[in-house]
Amino acid sequence: MAVTALALAAALTAVACGDEDETTGQTGAKSSSRDAIHIEFAFAGVPGDPYYTVIKNGAAQAEKDMGVDVEYKETSQYDFQEQVRLIKAAIARKPDGLVVSEESPEVLDGPVKDAVDAGIPVIIAAAGEDSVEKTGALGFVGQNEFEVGLKAGQQLKGEGVKRAACLNPAVGTPNLDSRCAGLEKALGAGNVDVVAIDQTDRTSAKNRVKAILQRGSVDGLLALAAATVAEPAVAAVEESGQAGEVTVATIDLSPGVLSAVRDGKLLFASDQQQFLAGYLPVVLLTLQNQYGIRPPAFVPTGPSYVTKENAAEVIELSKRGIR
Amino acid sequence: MTAEEDDAGHHPLALLRRLGRRPEITPVAGAVAVWLFFASVAGGTGFLTTQGTANYLEVAAQLGIITIAVTLLMIAGEFDLSVGSMLGAAGVLMAYPVVELGWPLWAGIAFSFTGAALVGLINGLLVIRTALPSFIVTLAGLFILRGVTIAFTHDVTGGATQVGGIDEATAGSPLRSLLAGELLGLPAAVFWWLGLTLVASVVLAKTRFGNWVYGVGGDPDAASKLGVPVARVKVTLFILTALSATLVATIGVLANGAADVQQGQLKEFQAITAAVIGGTLLTGGYGTVVGAAFGALIFGMVSQGIFFTGADADWFQAFLGAMLLSAVLVNRYFTRHAQAAS
């Protein structure tokens with residue numbers, strides 16, 4: 001039912017913003033049956049990372065729902081060179097569809113273009129919106145990261161925040177840096193401190209935030225990851241006795257984050273709904289293979305917001321790695 | 001010789017020289033230098049307050065507990081690169097049964113310590129039996145253990161990679177305050193660190209086992225001929241190393257309210273760094289526990305102190321590296337000075 005609706009939506013969007021001149025070649029209809037369709041993911045991200053795990057779960061669910069064959073491959077480290085090797089291996093196998101996350105466009109645009117040139121239908125998901133045009137990929141499923149930071153910043157500003165710290169677990173990664181830039185756009189130039197957070201050590205993460213709070217220069221915190229950054233940040237605010245003075249918000253969800261939102265310790269959790277970044281590309285590529293339906297160029301999956309009102313109902317789904 | 005000893009009691013420089021012969025003095029000097037640096041740069045922004053001190057001491061303590069065991073192992077001539085993965089694994093081993101299966105906290109802790117002892121035993125036996133470098137054997141352990149932890153957690157939780165809800169599940173347990181409580185404004189980890197440093201120092205300096213550790217690392221063949229049970233000493237140290245990571249995992253999970261499979265990455269590397277800053281030789285046979293404690297203290301001060309300075313995040317890693325290099329250089333300067341004096 002939902003799938004049908006999605007397919008319909010996809011078809012409509014394709015008609016609405018489709019560029020007829022380009023719908024030749026790789027988007028031509030094929031008559032392969034679904035169980036013969038093989039779709040590969042070549043993703044960055046570390047196995048076990050809570051954020052990427054949701055994407056992986058989305059892909060697995062789509063594999064079941066669509067009845068196609070999905071192989072989810074991810075890097076063993078957060079290493080884009082390794083991801084390039086995954087893409088090259090995929091090109092050699094020539095799957096019926098390839099889904100790539102482009103956290104590092106400089107490194108990945110080239111290999112993704114090679115995949116496109118090799119005639120593989122490619123969808124970029126989760127990160128790399130700007131790479132669609134550069135690489136000739138069919139489309140992007142994900143969120144505009146600058147807008148995520150901007151909107152989060154506007155809401156923080158609405159709560160009276162004047163100067164915020166952007167808690168960034170991967171300084172130098174374009175999609176995360178864009179969020180901090182969006183935040184700065186909302187709060188005004190010079191009003192954002194970017195703070196590097198170590199995701200693999202919660203004590204260190206918490207204490208770094210405490211150090212920032214003790215310096216007393218910020219009245220807002222925006223965490224760029226949920227479990228590993230926002231949870232320690234909330235603890236830091238409480239332990240520093242600054243609850244109520246410092247407004248905290250986060251991007252992405254985790255059970256701990258949702259409890260904090262429910263209890264009013266976090267203003268909101270900006271939700272990318274990244275389950276869709278795993279789920280939708282499989283749907284779109286399946287339809288593309290089966291019926292030649294051209295995927296829409298941009299499918300925004302977020303930001304949607306979890307606030308005090310709806311946090312409780314999302315917790316159980318987050319525990320299961322769906323939200 | 002007489003002249004040297006003669007002014008030893010009177011001349012202040014001579015006192016410094018005598019002190020300089022203690023291997024611990026070099027990391028102590030490094031720690032003082034690092035502290036002075038941050039006190040001058042970030043003294044006005046909270047580094048010098050009780051909270052600021054507790055901040056870096058907690059980080060130093062958690063690293064320091066592991067560094068004690070890693071140092072003993074390095075003195076005995078072996079490495080354990082699997083401690084970081086052990087930390088992540090132990091957290092889940094403890095948290096999962098407590099939160100999801102309703103076990104009492106002590107049972108969860110006992111379960112994870114048993115699992116860790118087993119991992120240490122396997123590491124030790126593999127190193128002894130295969131005679132392969134422990135660097136390689138435990139490097140394999142690093143990957144295997146992390147991979148198993150991720151796959152296991154993902155499967156049993158039905159999709160997640162973390163176990164939350166620790167606070168609710170363990171509320172009121174006296175073990176909580178013992179492991180994650182506070183005393184005098186300092187977290188429990190700091191007292192565990194100090195206590196274990198004391199115990200390990202005494203064991204290393206005053207007991208037969210301590211002599212064995214030095215002997216095994218200094219010259220295993222000679223030690224073996226003298227009747228030192230080389231294999232037993234090494235296996236024991238591998239087990240202790242895994243247990244130290246488990247203690248830190250337990251403290252961390254209780255203090256932070258969640259276990260997740262990514263915790264502890266690069267801890268093996270940080271512990272070796274702290275041990276080396278503390279004067280432990282990479283080649284084995286030399287090192288002290290007190291030195292290791294100050295090595296961990298330097299690491300903690302540098303990694304947290306930067307955030308009191310308000311330096312740009314882009315520079316963080318470069319700054320960390322530069323500070324560590326300076327600390328090691330200060331160490332070496334003092335070591336040379338001490339050697340030249342004697």
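**Figure 1. Contacts along chain A of the predicted model**. Of the contacts in chain A with a separation of 6 or more, 76% are between residues 24 or more positions apart. Of the 323 residues in this chain, 60% are buried.

**Figure 2. Elements and overall dimensions of chain A**. Chain A holds 12 helices and 12 strands. Its radius of gyration is 20 Å, close to the 20 Å from the globule rule for 323 residues, so chain A is as compact as a globular protein of that length. Taken along the principal axes, the box filled by the C-alpha atoms is roughly 65 × 40 × 35 Å.

**Figure 3. Strand S7 of chain A and its two faces**. S7(A) runs over residues 192-196 and is mostly covered, with 5 of its 5 residues buried. In a regular strand, side chains alternate between the two faces of the sheet. On one side of S7(A) are Val192(A), Val194(A) and Ala196(A), and on the other are Asp193(A) and Val195(A). Both faces are covered, as the residues on each side are all buried.

**Figure 4. Pairing of S7(A) with strand S6 of chain A**. Strand S6(A), residues 164-168, pairs with S7(A) in the parallel sense, and the pairing extends over 5 bridges. Within this pair, Ala165(A) stands opposite Asp193(A) of S7(A). Asp193(A) is also one of the buried residues of S7(A).

**Figure 5. The β-α-β unit that includes S6(A) and S7(A)**. Helix H7 of chain A, residues 174-187, makes a β-α-β unit together with S6(A) and S7(A). The unit is right-handed, and its two strands are the parallel pair of Figure 4.

Technical notes:
Residues are numbered from 1 along each chain as its sequence is written. Chains are lettered from A and ligands numbered from 1 in the order in which they are written. This is a predicted model: local features need pLDDT of at least 70, side-chain atom pairs count only at pLDDT 80 or more; totals for chains, interfaces and linings use all residues. The radius of gyration is taken over C-alpha atoms; the globule rule is 2.2 Å times the number of residues to the power 0.38. A residue is buried if 20 or more other C-beta atoms lie within 10 Å of its own, exposed if 12 or fewer, and partly exposed in between; C-beta atoms are placed from the backbone. Two residues are in contact if their C-beta atoms, placed from the backbone, lie within 7 Å. Two strands pair if DSSP finds at least two bridges between them. A crossover is right-handed if, with the strands pointing away from the viewer, the path from the first strand over the helix to the second runs clockwise.
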